[in-house]
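Reader: Got a minute to walk me through this one? I'd like to know what I'm looking at before I go residue by residue.

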Amino acid sequence: MSYILTNAKKNINIKNVKSLIKKYQPPFWVYDADIIYEKIKLLKNFDVIRFAQKSCSNINILRLMKNKNLKIDAVSLGEIERALSSGFQPNTDEIIFTADILDQETLSKVINFNIPVNAGSLDMLTQLGKSSPGHHVWLRINPGFGYGHSKKTNTGGENSKHGIWEPRLAIPIIKKYKLKLIGLHMHIGSGVNYIHLKKVCKSMVQYALQLNQKISSISAGGGLPIPYQIDEKPIDIKKYFMLWNNARKEISRFLDQKIELEIEPGRFLVAESGILISKVWSVKKMGKKNFILIDVGFNDFMRPTMYGSYHHISIISGDNREINENEKIDTVVGGPLCESGDIFTQKEGGTVQTRKLPIIKVGDYLIFHDTGAYGASMSSNYNTRPLIPEILLENNNSFVIRRRQKIEEILNLEK
């Protein structure tokens, strides 16, 4: 939580937000390109920065990444198409397809466009090998353990569907179909615990030495955290890089060749760049609890409902009164959906919590911070609610990078 509205030096400040509210009418998402660029610079020591586009897949955001020479990770056919539309080139390693299965349409695309595949299953390798001998592949390894800020973001261990449990079994398949193994990938979940990180780095070295294949790259995966809480400390990027760089050096010495070190951030690059602006439409008492109801629901912003995620909340008055930050009351923030779980102040598992917030009136604006990752990209049309706009701030200008969807566009899919 590095960027608050009172910081006039940042593009996302009270004055600019008020101007955006007047110009675009909530609800809508906002991204600040400058913050994304700042985050990219922090990872400059890695050989390759590969953006995990599932975190924020708007093609205009992808173009920002392309302009800064980042590469891209795609996890679906749609994300491959997004990457191609954003300027990432086929027949190179600019796009990598990461998955645990390959349907026929996606298989045809990765073959026709010669897109390297980061394989999470042996079946995938066999299927690809039969159709495209010599294809470039990575192995996504499940090291047998995982870590995550939520059970739902843990991508390692025997409860995870991701990755190859015994990568040595992949080598005969690779040799049989003359696939070209270029890298090893290991990602155990989001969030960084340095004890776990050391364990992951050690595991990567062990697998690289055990497999003893002439790979050219290793990937640290993604999952880099950001400080959602105001008093939370940011990750030590230098320490993170040092641990992975030591692993890279050890593998490089053993294989006697240069090994590139990739990192695959999503949230780290975009989360802090984004806010979600909503409007308050009802304030009411439910027993002893004070509820405010806003015009965005979990169909728009899923993280609090799915993970119990915390997002800092700011208030901007709708009547130009001064918001008293010293007088706060316990408040539950809910959305408009016909769902009891449509609550933005809850723990993982659905327990409703209150948040200390200023006195709020109907017509005020409620701002969720750090929503640039897994905000708009996880939105849905549940309750037949149209997708809301996305706005990009760049070079002292604002641009609509996704317009407000119309109800008719939803219905037309069914006619």
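Author: Sure. One term before we start: a salt bridge here is a side-chain nitrogen of Lys or Arg within 4 Å of a carboxyl oxygen of Asp or Glu. Also keep in mind that this is a predicted model.

Reader: OK, so with that cut-off, what about Arg-355: buried or exposed, and what is the nearest side chain of opposite charge?

Author: Arg-355 is buried and has no salt bridge. The nearest side chain of opposite charge is Asp-330, and that one is 9.4 Å away.

Reader: What does a polar atom of the Arg-355 side chain lie 2.9 Å from, then?

Author: The backbone oxygen of His-311. Arg-355 itself lies in strand E14, residues 355–358. Setting aside residues up to four places away in sequence, Arg-355 touches several others, including Tyr-310, His-312, Ile-329, Phe-344 and Thr-345.

Reader: How many salt bridges does the whole structure have?

Author: A search of the whole structure turns up 16. One of them pairs Asp-319 with Lys-361, at 4.0 Å from N to O. Asp-319 sits in the loop between strands E12 (313–316) and E13 (328–334), and Lys-361 in the loop between E14 and strand E15 (365–369), so this pair ties together parts that are 42 residues apart in sequence.

Reader: Are those two buried or exposed?

Author: In between. Asp-319 has 42% relative accessibility, so it counts as partly exposed. Lys-361 is partly exposed too, at 41%.

Reader: And which residue does Arg-321 meet in a salt bridge?

Author: Asp-364, at 2.6 Å from N to O. That pair also links distant parts of the chain, with Arg-321 in the loop between E12 and E13 and Asp-364 in the loop between E14 and E15, 43 residues apart. Asp-364 counts as buried because its relative accessibility is 1%.

Reader: Any pair towards the end of the numbering?

Author: Glu-409 and Arg-403 meet in a salt bridge at 2.5 Å, N to O. Glu-409 is partly exposed at 29%, and Arg-403 is partly exposed at 48%.

Reader: Which residues are joined into one network by salt bridges that share partners?

Author: Asp-319, Arg-321, Lys-361 and Asp-364.

Reader: Switching topic. What are the domains?

Author: The domain assignment gives domain 1 as 44–269 and domain 2 as 271–412. Their centres, taken over C-alpha atoms, are 32 Å apart. At the contact between them, 20 residues of domain 1 meet 20 residues of domain 2.

Reader: Where does the largest nonpolar core lie, and how many residues has it?

Author: The largest nonpolar core has 98 residues, and Ile-61, Leu-125, Trp-244 and Phe-368 are among those with the most contacts inside it. Domain 1 and domain 2 both give residues to this core, so it lies between them. Apart from it there is another core of 15 residues, among them Leu-5, Val-30, Ile-367 and Leu-393.

Reader: You mentioned Trp-244. What is it in contact with?

Author: Beyond its neighbours within four places in sequence, Trp-244 contacts residues including Leu-197, Met-204, Ile-218, Ala-220 and Leu-261.

Reader: Leu-261 again? I had that one noted next to Asp-47. What does the side chain of Asp-47 reach there?

Author: The backbone nitrogen of Leu-261, at 2.8 Å. The Asp-47 side chain also makes a polar contact with the side chain of Arg-248, at 2.6 Å. Asp-47 is in the loop between helix H2 (33–42) and strand E2 (48–52), and it counts as partly exposed because its relative accessibility is 37%.

Reader: Which residues in H2 are buried?

Author: Ala-33, Ile-35, Ile-36, Tyr-37, Lys-39 and Ile-40. Their cover includes strand E1 (28–32), E2, helix H3 (59–67), helix H10 (267–270) and strand E16 (390–394). At the start of H2, a side-chain oxygen of Asp-32 comes within 3.0 Å of the backbone nitrogen of Asp-34.

Reader: Last one: where does Lys-180 lie?

Author: In strand E7, residues 180–185. Lys-180 counts as partly exposed because its relative accessibility is 40%. Leaving out neighbours within four places in sequence, Lys-180 is in contact with Gly-134, His-135, His-136 and Val-137.

Note on methods
Residues numbered from 1 in each chain as written. Predicted model: local features only at pLDDT ≥ 70, side-chain atom pairs only at ≥ 80, totals over all residues. Heavy atoms only, no water. Helix = DSSP H or I, 4+ residues; strand = E, 2+ residues; numbered from the N terminus. Buried < 20%, exposed > 50% of the residue type's maximum accessible area, 1.4 Å probe, protein only. Polar contact = N/O pair within 3.5 Å; in protein donor to acceptor, adjacent residues only side chain to side chain. Core = buried A, V, L, I, M, F, W, Y, C linked by side-chain atoms within 4.5 Å. Domains from an automatic or database assignment. Contact = heavy atoms within 4.5 Å. Lys, Arg positive; Asp, Glu negative; His and termini not counted.
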